[in-house]
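Trainee: Could you examine one part of this model closely and set out how it sits among its surroundings? Please state the criteria behind each term as you use it.

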Amino acid sequence: MLSLEARLQRFTPITCRILARRVRAKGGVVALTDEEIAAGSGLSVPEVAKLSRLRTWTGVPVDTMLAFTKGCGINLSSRDSMKTHSAIIRRSSDVPRYLRTAPHWEEQLDRCSSCP
């Protein structure tokens, strides 16, 4: 079982943003937009955009971190959530397909040189 510290190191803000996705009605997945994450988290769109580019949680208040991870669909206290998202990271030797086809991928997230 991972400690909270290990979970926060593995699931950095940018990693959580990259993992933020939803299942489409027709099957498959699509990346969540900043607006969808903001709606699910209670944060503003500019806050989501700022957090989405951070490589560590340093300086991020706990309530903001929890809101952001919730909006991204990641539950740091759920073993099942950690297992599912860790598996996605392990399987993703390259940028996941749902991100390559997401609108504004290059503008929003392609700034990360070592994305999962």
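Mentor: A residue is termed buried when its relative accessible area is under 20%, exposed when over 50%, and partly exposed in between, with a 1.4 Å probe and protein chains only. The model is predicted: local features need pLDDT of at least 70 and side-chain atom pairs count only at pLDDT 80 or more, whereas totals for chains, interfaces and linings use all residues. Residues are numbered from 1 along each chain as its sequence is written, and side-chain values use heavy atoms, leaving out hydrogens and water.

The part chosen is helix α5, residues 62-72; helices (H or I, at least four residues) and strands (E, at least two) are DSSP runs numbered from the N terminus. Buried in α5 are Thr64, Met65, Ala67, Phe68, Thr69, Gly71 and Cys72. Their cover includes α1 (4-10), α2 (13-19), β1 (21-23), α3 and α4 (45-51). Threonine 64 has a relative accessible area of 16% and is therefore buried. Leaving aside residues up to four places away in sequence, threonine 64 touches Leu43 and Leu51, contact being heavy atoms within 4.5 Å.

Against helix α3 (residues 34-41), α5 packs at an angle of about 120°, the axes lying 7 Å apart. Axes are lines fitted to C-alpha atoms, for helices over the stretch in contact, and angles run from 0 to 180 degrees between N-to-C directions. The α3 residues Ile37, Gly40 and Ser41 meet Ala67, Phe68, Lys70, Gly71 and Cys72 of α5. Just after α5, glycine 73 adopts a positive phi of about 85°.
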